[in-house]
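Me: Please go through the assignments in this model and say what each one rests on.

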Amino acid sequence: MLSALRLAIALARIPRLFASLLLIPLILSLLLVYGQLVVTGLVVRTLSQDPKTIESTLRQIKQDNLGRRLLYGDGVELPPLKLCRWTETIVEGVAHEIPPAGCEPDKLDVALHVPDPAAFDAAQYEKIFNGNVERLHVCKTCQPHVVIEVGETENKTQVYSVWGMLILSLIRFNDDVNEQYINVVKNFDKIKFSIGDISFYSSGLRHPVGVRTMYMSMAVVFNIALLIIIAMWLALRAHRKVLDYFARSGALLPMVAATGKGVFYAALWILTFFRVGAFLFAAVPMTLYGFAEILRKDQVHSVFGSDYIALFLWVVAIVTSLGLATLISSISELKQRHQFMSFVYRYLPIAICAIGMLLWSLSFISDAEVTGTFRNVMTALPILGMGPVLIAPIFKPNFDVLAIHTVLTSLLFVIALQHNARWFAAHLEDL
């Protein structure tokens, strides 16, 4: 093992290999982690908003809107819009439309194309655009960057610039619309208060599932699971990176002959641990900081509760489960010249996991006691129970189920690792 560690450190010091194996993938992975934290924050804030929060947010947007700041240089609401009805005059036998005094058209205005501008009732459009545009033109042919063709049966909007699209995005922040939206949210809030917290009971679950917080919990759990999946993906690709680097230069066989097949394969795994460890060393603090900014204390409790034993068992179970799936998939990296077998090993864990998740989900159709036993058996099985284990913080299985899953998965992991090592030693020339 010491020889393998020295070899791994020596390989990691090669600049080109260090960049392709550690530096560039880690930077891209951390960007992905940051992106998923942003998305999680948006989801959690959307799901946890109450009427007061929504009203405060809309009031803040009304006072300082980024769209208006980009369009007009100031984010405050505009003065009441001016309605401009164009009139038609005949000049040398040709009809011309002219705007009223003080209504000279601008590209950031909005136009309504109607058959009879003088008689058209534009009150509805005044409510929509008031505070977000300076002038609303009622005409037949005038053409700012936003033109609404008002027809008898349907309307069409023609936009002639990105700025016109930005103007249309502002109609969501209309006072009349916001008031109706807040009233709807308040009414739904009253209904939720009348019903109270909803708990889903089913056999085989350690605790009932909190339906009200389920969606927020899923967002957080999948965020953590994605973190583990990225780490496993980095581990999966590490083998191929090193092998390809030396195979292209023709140095693979001489190096293996000099160091020994066992030492070289062990060094591959040590490099894999370097790669995953470096990623987790940077990503875990970032994720914890993101959760601290996104979640309130009561929301953290609703997702993880105060049972740290359950949290520890879940983390160990999901790491070993995804680790086994990664190890099986890594065989496909070693067997790239055998296309069919490479395909089978690459997607077999995903297929088995999907089948297990489907059967586990369908079991909830029946409320018989035996379905709880069936779900526990499915969850305890390696690979097949990976999906239920992934969402274990939400649909809480018994502790012994997670423990059995971890033990069985660990045994298969050791067996698969030995198989990989033997195959690597016997088929080095095929790499």
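The questions below take up a helix, the nonpolar cores and a surface patch.

Reply: This is a predicted model, in which local features need pLDDT of at least 70, side-chain atom pairs count only at pLDDT 80 or more, and totals for chains, interfaces and linings use all residues. Residues are numbered from 1 along each chain as its sequence is written, and side-chain values use heavy atoms, with hydrogens and water left out.

Me: How do you know that the span of α14 agrees with its number of residues?
Reply: The expected span of a helix is 1.5 Å times one less than its number of residues. For the 12 residues of α14 (369–380) that gives 16 Å, and the end C-alpha atoms are 18 Å apart, so the two agree.

Me: Why is Leu28 called exposed?
Reply: Exposed means over 50% relative accessible area, buried under 20%, and partly exposed in between (1.4 Å probe, protein chains only). Leu28 has 55%, so Leu28 is exposed. Leu28 lies in helix α2.

Me: Which residues of α14 are buried?
Reply: Thr371, Gly372, Arg375, Asn376, Met378, Thr379 and Ala380 are buried in α14.

Me: What makes a nonpolar core?
Reply: A core is a set of buried Ala, Val, Leu, Ile, Met, Phe, Trp, Tyr and Cys residues joined through side-chain atoms within 4.5 Å. The largest has 43 residues, of which Val33, Phe279, Trp314, Ile318 and Phe395 touch the most other members. Helix α8 gives the largest share of this core, 11 residues. A second, separate core has 18 residues, including Leu136 and Val150.

Note on methods
Helix = DSSP H or I, 4+ residues; strand = E, 2+ residues; numbered from the N terminus.
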